[in-house]
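Dear colleague,

I am passing on to you the structure that follows, together with some notes for a reader who has not met it before. Please have it open while you read.

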Amino acid sequence: MSFELTFIGHAALGLTTGGCELLIDPYLHNNPTANLSPDSVEADYILISHGHGDHIGDAVEIAKRTGATIISNAEICGWLRKKDLKVHPQHLGGGHTFPFGYLKLTLALHGSILPDGSYGGNPAGFLLTTNDGEKIYMAGDTGLFGDMRLIGDEGVNLAVIPIGDNYTMGPADALRAVKLLTPEHVIPIHYNTFDLIKQDANAWAKEVQSETDAKVHVLAPGEKFVYP
Ligand code: NI
Ligand code: MN
């Protein structure tokens with residue numbers, strides 16, 4: 001097994017690879033779709049894409065209990081360091097080798113203010129190259145941008161992208177994103193958590209699969225995707 005990705009709900013993901021447990025944007029407690037509790041979840045690393053409450057989520061509480069290292073942009077890491085948490089700051093375009101692979105922060109078109117109004121720097125996505133060389137692109141909250149083609153050039157095995165509309169790409173732009181990213185597999189996220197981002201993911205999956213070579217996996221909260 002090279003990696004196992006769990007859709008926790010909304011934009012929260014669990015990822016097991018290289019013998020490490022990662023949590024991405026662990027919004028659990030107030031998340032109407034997640035059925036995982038912040039006081040039981042395990043993590044070696046927590047990745048935070050941007051400062052919004054539905055992404056920072058329960059990261060502070062989980063990091064305190066587990067001792068996990070939080071990886072995010074420098075501004076968010078500075079804010080977390082004041083809470084005595086272990087952090088690893090990076091910035092857009094910069095990568096670093098961790099025990100679980102090589103992680104690069106990517107562009108995301110969005111905002112990033114923190115829950116207390118502090119400046120959260122630029123929002124980001126993540127491009128992870130696992131120790132076995134597989135590439136996972138987790139777009140974070142973003143609108144469509146043409147440089148997704150550059151990310152696609154790296155050869156993406158799995159793309160995790162928002163389709164909810166209103167705050168992020170909607171289904172039509174997410175389809176265009178798949179055409180730029182040309183991933184082998186796609187998992188849609190950031191939809192159906194609230195009425196405002198209600199989407200028919202199965203209809204979107206059908207459309208993507210008829211217009212591209214990507215295989216779409218619509219996961220229910222708690223469901224896993226195992227690669228290869
Ligand atoms: Ni956001
Ligand atoms: Mn969001």
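The notes below take up a helix, the cysteines and a surface patch in turn.

Please bear in mind throughout that this is a predicted model.

I begin with helix 6, which covers residues 201-211 and whose buried residues are Ala-201, Trp-204, Ala-205 and Val-208. Seen down the helix axis, these buried residues fall within an arc of 100°, so they line one face of helix 6. That fits the general pattern, in which an α-helix has 3.6 residues a turn, so residues three or four places apart point the same way. The buried residues of helix 6 pack against strand 11 (158-162), helix 5 (171-181), strand 12 (185-189) and strand 13 (215-216), while Asn-202, Lys-206 and Ser-210 are exposed on the other side of the helix.

As for the cysteines, the structure holds zero disulfides. Cys-20 is in no disulfide, and the cysteine sulfur nearest to its own, that of Cys-77, is 17 Å away, which is too far for a bond, because a disulfide is taken to need sulfur atoms within 2.5 Å. Cys-20 counts as buried, with a relative accessibility of 8%, and Cys-77 also counts as buried, at 0%.

Lastly, there is a nonpolar surface patch of about 230 Å², made by Leu-92, Leu-107 and Leu-109. Of these residues, Leu-92 lies in the loop between strand 6 (87-90) and strand 7 (95-98), and Leu-92 is partly exposed, with a relative accessible area of 33%.

With best wishes

Technical notes:
Residues numbered from 1 in each chain as written. Chains lettered and ligands numbered in written order. Predicted model: local features only at pLDDT ≥ 70, side-chain atom pairs only at ≥ 80, totals over all residues. Heavy atoms only, no water. Patch = residues over 30% accessible without salt bridge, like charges linked within 9 Å, V, L, I, M, F, W, Y side chains within 5 Å. Areas by Shrake-Rupley, 256 points an atom, 1.4 Å probe, with all protein chains shown as cover. Salt bridge = Lys/Arg side-chain N within 4 Å of Asp/Glu carboxyl O. Helix = DSSP H or I, 4+ residues; strand = E, 2+ residues; numbered from the N terminus. Buried < 20%, exposed > 50% of the residue type's maximum accessible area, 1.4 Å probe, protein only. Arc of directions from axis to C-beta. Contact = heavy atoms within 4.5 Å.
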